[in-house]
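I opened this entry to look up empty space, packing and one helix. My notes follow in the order I took them.

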Amino acid sequence: MKYISTRNSKIKVSFIETFLNGLALDGGLYIPKIIPKFSKSSFYRLSKLKYHELAFEIIKIFTDKTFSNSELKKIIKKSYSSFSSKEVIKLSKIETYNLLELYHGPTFAFKDIAMQIIGNMYENILLKKKKKINLIVATSGDTGAAAINAIANKQNVKIFVLFPKGKISSIQRKLMTTVSAKNVFNIAIKGTFDDCQNLVKSMFNDSKFRNSVNLSGVNSINWARIIAQVVYYFYAYLHFTNRKNKMVFSVPTGNFGDIYAGYIAFKMGVPISKLIIATNENDLLDRFIKTGIYKPGVVKSTVSPSMDIQVASNFERLISDFYNHNSRKVKSLMKNLEKKKFYKVSPNVLKKIKNIFYSNSVNSKKVINLIKFLYKKNHKILDPHTTIGLFSLMDYKSKNFNSSENLFFLGTAHPAKFKNTIEKAIDKKITLPKEIKNVLNKKEKVKILPNNLNKVKNCIKYNSLY
Ligand SMILES: *Cc1c(COP(=O)(O)O)cnc(C)c1O
């Protein structure tokens, strides 16, 4: 298994380089040279596998010889041992809609599913290579907590988390800042999530700095995250349907990581008829699907903060795929984005993208109303992000009625993480899981910095020494 860059299809790197570098050295994203497809006949065998076993089969394809079979099995087992659901994910129903509950990990967001795997992969690789690294990650709320939980107290690795000050829920913040492990550093930036993401990108693009602190990244562009997320799309099809009809997945979307994993599952053979890009008022991708123009706007704060993003980092991977990995074309589009602040794809490419993708944007008012309605009608409480997934699925169904499709939406966070929003919507106190209650009154550890590259670099450099 070899990887190329979206901006240079001639390079060939191994999984380990992809994993440790995060971003390709030319500023592009790593993608596999070929994505293998399971034959229809292998689905019966796959359907007999437990979640862990299925994860092994899928992740093994992409990690190749990086880990021995027993090492990889151990990584997966250890990663999911802290989940409250033995099979990692769960299914529940709201009328005819299937909710894929992905939030049974230690920090109550779907990001745990990939991040735990990454944490254990780092530990394995770094011990084998006798290497020490520093991780830097920008978070819109959930990535940071999931990454910290996965990395805290691990050997040979430190983690620096940048989050937008005042723009994430207090529970999201406390799940990060109350972790007292010595290898964990929280930095609150006076800015937006996109500012945090830009700071991280600048540090990665500065090769002198990158080498001086042995930088590595766990942002949603890390390929290992994508492959760990592919697993549940397979699992949903294999375990939660009769495998007779096609799948529709509605995915609450920000950085385009989760839904891109769905696209990889589609390429690997899961019969998906539509992937629904469900966004909040930060509707960059909804506008793209409607016009073919990718044009980031100004970030708006919404009730679904983990999706308050106007730069969908993984989208370049999709564009590369639809231009058949023509890296010259991808480079010219990205140059346009840098210079003119937008790019436009050809009508032909847009048409192909729309064959598999549908999109929808849901504002905060509609989210609150639907949370209220679901509680009244079904006594079901969904978090605001997941609610956007359901809303978009209902919108899709109202316009494309096809009774034979299996309609799924992804539950990306536990409602307790967004306690204030939920309680306001349903006008009632909710009970919190004990793990969340435990962090509420713990002491917080965080450094506040302005949106200034040099100040952030200095802080990281100072604390990165072993
Ligand atoms: C990160 C996140 C998303 C968006 O996922 P992407 O992979 O960035 O598109 C959606 N919902 C929740 C709760 C999240 O934490």
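**Second cavity.** I began with the second largest cavity and asked which helix gives the most to its lining. It is α8, with four residues. The model is predicted, and I keep that in mind throughout. By class, I count five nonpolar residues, nine polar and one charged in this lining. The volume of the second largest cavity came out at about 150 Å³. I then listed what lies closest to its centre: V200, K201, F204, N219 and I221, out of 15 lining residues.

**Largest cavity.** Next I asked how many cavities of 30 Å³ or more the structure holds. The search returned four. I went to the largest, which has a volume of about 310 Å³. Its lining takes in 29 residues. Nearest the centre of this cavity I noted F110, K111, G254, N255 and S306. I also looked up which elements supply at least two residues each to the lining. They are the helices α6 (142-151), α8 (193-205), α10 (223-240) and α11 (257-267), along with the strand β10 (247-252). The lining of the largest cavity divides into eleven nonpolar, 14 polar and four charged residues.

**Largest pocket.** I turned to open space. The largest pocket holds about 910 Å³. I found 28 residues in its lining, with R7, K201, M334, L337 and E338 closest to the centre. K201 is thus in my notes twice, since it is also listed among the residues closest to the centre of the second largest cavity. Which helix gives the most to the pocket lining? It is α14, with six residues. At least two residues each come from α8, α13 (315-322) and α14 (327-340). I sorted the lining of the largest pocket into twelve nonpolar, eight polar and eight charged residues.

**E338.** I picked E338 from that list for a closer look. Its place is in helix α14. Is E338 buried or exposed? I read a relative accessibility of 62%, and the cut-off for exposed is over 50%, so E338 counts as exposed. I also checked E338 against K300. The two are 38 residues apart in sequence, and their C-alpha atoms are 21 Å apart in space.

**Nonpolar cores.** I looked up the largest nonpolar core and found 121 residues in it. The members that touch the most others are Y51, Y122, F234, F249, F256, F315 and F357. Helix α10 provides the largest share of this core, with 14 residues. I followed F249 further. Leaving out residues up to four places away in sequence, I found F249 touching L100, Y233, A236, I272, K274, L275, I276, F408 and L410. Another core lies apart from the largest one and has 24 residues, including F160, I189, L215 and I309.

**Helix α5.** My last entry is on α5, residues 111-129. I asked what span its 19 residues should have. At 1.5 Å a residue, I expected 27 Å. The end C-alpha atoms are 27 Å apart, which agrees. I then checked burial. In α5, 16 of the 19 residues are buried, so the helix is largely enclosed by the rest of the structure. What follows α5? It is K130, and I noted its positive phi, near 50 degrees.

Conventions:
Residues are numbered from 1 along each chain as its sequence is written. This is a predicted model: local features need pLDDT of at least 70, side-chain atom pairs count only at pLDDT 80 or more; totals for chains, interfaces and linings use all residues. Side-chain values use heavy atoms; hydrogens and water are left out. On a 1 Å grid over the protein atoms alone, a cavity is a set of points where a 1.4 Å probe fits but cannot get out, and a pocket is an open set with protein on both sides within 12 Å along at least five of seven lines; lining residues have an atom within 4 Å of a point. Grid points are joined across faces, edges and corners, and a volume is the space filled by probe spheres set on the points. Ala, Val, Leu, Ile, Met, Phe, Trp, Tyr, Cys and Pro count as nonpolar, Asp, Glu, Lys and Arg as charged, and the others, Gly among them, as polar. A nonpolar core is a set of buried Ala, Val, Leu, Ile, Met, Phe, Trp, Tyr and Cys residues joined through side-chain atoms within 4.5 Å. Buried means under 20% relative accessible area, exposed over 50%, partly exposed in between (1.4 Å probe, protein chains only). Contact means heavy atoms within 4.5 Å. The expected span of a helix is 1.5 Å times one less than its number of residues.
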